[in-house]
Amino acid sequence: MTTWNPEELARIAAPEMFDLSAQLADGTTPKTVGIWAVAVDGRLFVRSYTGLAGKWYAPALASLRGRVSAGGVTKDVRFEPVTDEATNVAIDAEYLDKYTPSPYAPEMGQEPVRSNTLEVIPID
C-alpha cells in the first residue's frame, strides 16, 4: 500500500477543506467539491455528510479513484471504505478536534455519516 509522505499529508490535511474529485466511469474527474478531511496516524480520511446523495460519494464508491488537492499538493488517489471500529473511533475524535465549534462536527462521528468513511490513499 502506498502511504502519504508526511510533509504532503500535513499540507493537504491542515486546511479546513480540501478539493476532492471522484473519477467517473469514463475516467474523467470533472466535479470538484470542497470537503472536510482528517489525518489519523499518517493516514487521510473523508466522510460524506449526505451519503449517496452527495455529489462525490457515489462516484467515489463506484470507481474507488479520484484526485485531492490542498496546500499546494495535488494527488491522484484511491478510496477504501473504512469499517474498523478502532480506526473509526480515532477518526471521530479527530473530526471533533479539528472542526469544533462547527455544529456539524459532532454529527461527523455519528450514524449515518460515520458509515460513509473512506480512506484516501495516494497513487504514486
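## The largest pocket

Sorted by class, the residues lining the largest pocket comprise 8 nonpolar, 4 polar and 1 charged. This is a predicted model, and in it the volume of that pocket comes to about 260 Å³. The lining is made up of 13 residues, and those closest to the pocket centre are Gly 34, Ile 35, Trp 36, Arg 47 and Tyr 49.

If you would like to know which element to look at here, start with E2: the largest share of the lining, 3 residues, comes from this strand.

## Strand E2 and its partner

Strand E2 covers residues 32-35, and its side chains alternate along the strand. Val 33 and Ile 35 point to one face and are buried, while Thr 32 and Gly 34 point to the other face and are not buried. Two of these names are familiar from the pocket, as Gly 34 and Ile 35 are among the residues closest to its centre.

The partner of E2 is strand E1, residues 18-22; the two run antiparallel and are joined by 4 bridges. To find the pairing on screen, look for Ser 21, which stands opposite Thr 32 in E2.

## The sheet as a whole

Now for the wider picture. In general, strands of a sheet pair through backbone hydrogen bonds, in either a parallel or an antiparallel way. Here the pairing is antiparallel, and 7 strands make up an open sheet with the order E2-E1-E5-E6-E7-E4-E3. Strand E2 and strand E3 (38-40) are the edge strands, each pairing on one side only. On average, neighbouring strands of this sheet are turned by 40 degrees against each other, ignoring direction.

## Strands E5, E6 and E7

Strand E5, residues 65-70, pairs with E6 in the antiparallel sense over 6 bridges. Within this pair, Ser 69 stands opposite Thr 74 in E6. The hairpin of E5 and E6 has 2 residues between the strands, and Gly 71 takes a positive phi near 60 degrees there.

Strand E6 (residues 73-81) also pairs with strand E7 (residues 117-122), again in the antiparallel sense, over 5 bridges. Two cross-strand positions are handy landmarks: Phe 79 stands opposite Val 120 in E7, and Glu 80 stands opposite Glu 119 in E7.

## Thr 87 in helix H3

Let's turn to a helical residue. Thr 87 sits in helix H3, which spans residues 85-99. Is Thr 87 buried or exposed? Thr 87 counts as buried because its relative accessible area is 14%, below the 20% cut-off.

What does Thr 87 touch once neighbours within four places in sequence are left aside? Its contacts are then Arg 43, Phe 45 and Val 82.

## Asp 124 after the last strand pair

Asp 124 belongs to the segment after E7. With a relative accessible area of 71%, Asp 124 is over the 50% cut-off and therefore exposed.

Exposed as it is, Asp 124 still has contacts: leaving aside neighbours within four places in sequence, these are Thr 2 and Lys 75. For a sense of distance, Asp 124 and Val 38 are 86 residues apart in sequence, and their C-alpha atoms are 21 Å apart in space.

Key
Residues numbered from 1 in each chain as written. Predicted model: local features only at pLDDT ≥ 70, side-chain atom pairs only at ≥ 80, totals over all residues. Heavy atoms only, no water. Pairing = 2+ DSSP bridges. Axes fitted to C-alpha atoms, helices over the stretch in contact; angles between N-to-C directions. 1 Å grid on protein atoms, 1.4 Å probe; cavity = no way out; pocket = protein on both sides within 12 Å on 5 of 7 lines; lining within 4 Å. Points joined across faces, edges and corners; volume = space filled by probe spheres on them. Nonpolar A, V, L, I, M, F, W, Y, C, P; charged D, E, K, R; others polar. Buried < 20%, exposed > 50% of the residue type's maximum accessible area, 1.4 Å probe, protein only. Contact = heavy atoms within 4.5 Å.
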